[in-house]
Amino acid sequence: MSPLKKKKLKIIRNKLDKLDNSLIKIIKIRTNLVKEVLKLKETKGQIVDKPRIKKILSNIKKKSIKNKIDPEITQKIWSNMISAYINFEKKNFKKK
């Protein structure tokens, strides 16, 4: 790799690192909202809301296409995020 390309790569990676830091802050906000939702749920059976998950993924696909983002990428990201939060809710559910 040429020195110029190495320099450009470093600049882009720095931008990615800054963006990752912003995403971490957003994930913290989302986690706090999930904690609030969890407090409202009365049974573990309420944790997985399949119609809502289907609606979320459908909306993400539409928004991805509209914004010219490969929907396969966003579908994987959101599916994994939803799965992670379902596991988080199950682990932290305190009621019977």
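## Burial, salt bridges and nonpolar groups in a predicted model

Thr74 is buried, at a relative accessible area of 7%. The model described here is a predicted one. Thr74 belongs to helix α3, which spans residues 71-92. Its side chain reaches back to the backbone oxygen of Pro71, at 3.2 Å. Beyond the neighbours within four places in sequence, Thr74 is in contact with Ile60, Ser64 and Ile69. Of these contacts, Ile60 is also listed among the eight residues of the largest nonpolar core.

### Salt bridges

Two salt bridges are present in the structure. One of them joins Lys41 to Glu89, with the closest N and O atoms 2.9 Å apart. Lys41 sits in the loop between α1 (3-40) and α2 (50-66), whereas Glu89 sits in helix α3, so this pair ties together parts that are 48 residues apart in sequence. Lys41 counts as buried because its relative accessibility is 13%, under the 20% limit. Glu89 falls under that 20% limit too, at 7%, and is therefore buried.

The other pair is Lys76 and Glu72, whose side chains meet at 3.4 Å, N to O. Lys76 and Glu72 are four residues apart in helix α3, so about one helical turn separates them. Glu72 has a relative accessibility of 48% and counts as partly exposed. As a general matter, side chains of opposite charge can pair when their charged atoms come close.

### The nonpolar core and its surroundings

Which residues make up the largest nonpolar core? The set consists of Leu38, Ile47, Ile56, Leu57, Ile60, Ile82, Ile86 and Phe93, eight residues in all. Helices α2 and α3 are the elements that give two or more residues to this core. The most comes from α2, which gives three residues.

Leu38, a member of this core, has contacts with Ile47, Glu89, Asn92, Phe93 and Lys95 once neighbours within four places in sequence are set aside. Two of these partners, Ile47 and Phe93, are core members as well. Glu89 lies in helix α3. With the corresponding neighbours left out, Glu89 is in contact with Val34, Leu38, Lys41 and Ile47. The list for Glu89 thus includes its salt-bridge partner Lys41 and the core residues Leu38 and Ile47.

Tyr85 is another residue of helix α3. Tyr85 is buried, with a relative accessible area of 9%. Not counting residues up to four places away in sequence, Tyr85 touches Ile27, Arg30, Thr31 and Val34. Val34 also appears among the contacts of Glu89, and Ile27 is one of the residues of the surface patch described next.

### The surface patch and helix α1

A nonpolar patch on the surface is formed by Ile12, Leu16, Leu19, Leu23, Ile24, Ile26 and Ile27. Together these residues have about 660 Å² of accessible area. Ile26, one of the patch residues, is found in helix α1. Is Ile26 buried or exposed? Its relative accessibility is 51%, just past the 50% limit, so Ile26 counts as exposed.

Asp20 is also placed in helix α1. At 42% relative accessibility, Asp20 counts as partly exposed. From Asp20 to Asn87 the separation is 67 residues in sequence and 23 Å in space, C-alpha to C-alpha. The patch residue Ile12 and Tyr85 are 73 residues apart in sequence, and their C-alpha atoms are 30 Å apart.

### The loop between α2 and α3

Lys68 is in the loop between α2 and α3. Lys68 is not a glycine, yet has a positive phi of about 60°. Its relative accessibility of 77% places Lys68 among exposed residues.

### Accessibility of selected residues

The table collects relative accessibilities from the sections above.

| Residue | Relative accessibility | Class |
|---|---|---|
| Thr74 | 7% | buried |
| Glu89 | 7% | buried |
| Tyr85 | 9% | buried |
| Lys41 | 13% | buried |
| Asp20 | 42% | partly exposed |
| Glu72 | 48% | partly exposed |
| Ile26 | 51% | exposed |
| Lys68 | 77% | exposed |

How values were computed. Residues numbered from 1 in each chain as written. Predicted model: local features only at pLDDT ≥ 70, side-chain atom pairs only at ≥ 80, totals over all residues. Heavy atoms only, no water. Buried < 20%, exposed > 50% of the residue type's maximum accessible area, 1.4 Å probe, protein only. Polar contact = N/O pair within 3.5 Å; in protein donor to acceptor, adjacent residues only side chain to side chain. Contact = heavy atoms within 4.5 Å. Salt bridge = Lys/Arg side-chain N within 4 Å of Asp/Glu carboxyl O. Core = buried A, V, L, I, M, F, W, Y, C linked by side-chain atoms within 4.5 Å. Patch = residues over 30% accessible without salt bridge, like charges linked within 9 Å, V, L, I, M, F, W, Y side chains within 5 Å. Areas by Shrake-Rupley, 256 points an atom, 1.4 Å probe, with all protein chains shown as cover.
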